[in-house]
Each structure stands twice: as C-alpha cells, then as structure tokens.
Amino acid sequence: MEALPTGTLAGAGSFRCERCGFGVALHERDAVPECPSCGHARFSRASLFGPPQAPGEDDLMPESPEWLDEAREALSTPGAYVAFHDDERVHVVPLQDGWTRVGRSLSAHVRFDDPTVSRRHALLYCDPTQARVLDDRSLNGVFCNGEKVDLAELNNGDEIAVGRFRLYFLTVVSDRSTARVG
C-alpha cells in the first residue's frame, strides 16, 4: 500500500488513517488531510467497501468504546436501542417494533449526513422476539461485528458498521439488566 503524508495531492479514491483506520474519500486534487479522528498525518490507499480497521488488526474484534457502558447504564425503559457517537455526542435511539431506516435520506429514522453512508443504507427490524439488520442496497455495505452481512440477527452489544459510523445494538429488559431481545 502506498502511504501518503498530509498535504500530498493524492488523486481520487479512498484512504484510511494508518493509526486508527478512519476512512476518507478524496477527489482528484484534494490534499490528504490530518486524520479527523486521531490527528495522525499518514494515510494509505484503501477501500471504503471493507470494514475500517487499522493495519495489523485484521484478526482482532474492536473493543467497545468507553462511552457505551455509560450509555447502557443510563437506559431505564425496557426495549431495544441503537447507540452511536457523532460530533462529540452520544446518541441513543429507541427502536420501535417494525422497521427503522438508517441512511443519509431525510426520511431515515437514524440519519447520517455523510458521504460514506448511502441514502438507503440499512434497515433494522425489531419485534418482541428478535432483531435483525438488513443491508438496504448500500454502496459501502453493512458490517455486523466486523463481518459484511446482507441480513444478520442482532444480539445485545452487537456492533453495526454503517459507513464510517459504529452503531451498537442494546436491549433492556424489565428488571434493568441488559439481555438479548426475547
């Protein structure tokens, strides 16, 4: 892989930070930026179609972020939720029974205004006995716990990658403990 320092004219394509794996898409004459996630100055050409991992982490499951336990503890109403971190804020969205749209579209229930997310990226389906994620014809794919999926059953704590965003599926049962839907 060709590594590019900050300021180099990279040409069109996708690049990942060599330290944290953050992905960026650049046009022909864009300069390679400092990483918005960690500030590192070196990027390597990469694909936005694979899971975002820093080099050498191919066999490791990413650890849960620090904020996730705090978000989980704040939940008191039984049900299914999806939690994610964006713009220095943690968002926790309750999921209703039925379909929840995730994407860049204005009609999405969970909306990300980001070019790595398709207008119709993913669908989350919940009912009292199960929860699933479905790739809704996205360009970059949907990843559940690091594996690309078309359809996957969700369990408490599962990570769903949609573009550059990591969503975490959480469930709360009536006795305040977290458990699988059902």
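In this predicted model, six strands make up an open sheet in the order 6-5-15-14-11-12, and their pairing is antiparallel. The edges of this sheet are formed by strand 6 (89-95) and strand 12 (147-149), each of which pairs on one side only. Averaged over the sheet and with direction ignored, neighbouring strands are turned by 30 degrees against each other. Within the order just given, strand 11 (residues 142-144) and strand 14 (residues 159-162) pair in the antiparallel sense over three bridges, and Val142 stands opposite Val162 in strand 14.

A further open sheet holds five strands in the order 8-7-9-10-13, and here the pairing is mixed. Strand 8 and strand 13 (151-153) stand at its edges with a single partner strand each, so that one side of each is left without a neighbour in the sheet. Strand 7 and strand 9, in contrast to these edge strands, are joined to one another in the antiparallel sense over five bridges, with Arg101 standing opposite Leu123 in strand 9.

The aromatic side chains offer another route through the model. A pair of aromatic rings is described by the distance of the centres and the angle of the planes, and the structure holds four such pairs. In one of them, the rings of Phe84 and Phe112 have centres 4.9 Å apart and planes at 70 degrees; because planes over 60 degrees apart count as edge-to-face, the pair falls into that class. Phe84 belongs to strand 5 (residues 79-86), whereas Phe112 lies in the loop between strand 8 (110-111) and strand 9 (122-127), and the pair thus links distant parts of the chain, 28 residues apart. Phe84 has a relative accessibility of 6% and therefore counts as buried, and Phe112, at 1% relative accessibility, counts as buried too. These residues also belong to a wider group, for Phe84, Phe112 and Phe165 form one aromatic cluster.

Another pair brings the reader back to the five-stranded sheet. The rings of Trp99 and Tyr125 have their centres 4.9 Å apart, but their planes stand at 55 degrees, so this pair is classed as tilted. Since Trp99 lies in strand 7 (residues 98-103) and Tyr125 in strand 9, the pair ties together parts that are 26 residues apart in sequence. The strands that carry these rings are the ones that pair over five bridges. Tyr125 has a relative accessibility of 24% and therefore counts as partly exposed.

Terms used: Residues numbered from 1 in each chain as written. Predicted model: local features only at pLDDT ≥ 70, side-chain atom pairs only at ≥ 80, totals over all residues. Heavy atoms only, no water. Phe/Tyr/Trp six-rings, centres within 6.5 Å; stacked < 30°, edge-to-face > 60°. Helix = DSSP H or I, 4+ residues; strand = E, 2+ residues; numbered from the N terminus. Buried < 20%, exposed > 50% of the residue type's maximum accessible area, 1.4 Å probe, protein only. Pairing = 2+ DSSP bridges. Axes fitted to C-alpha atoms, helices over the stretch in contact; angles between N-to-C directions.
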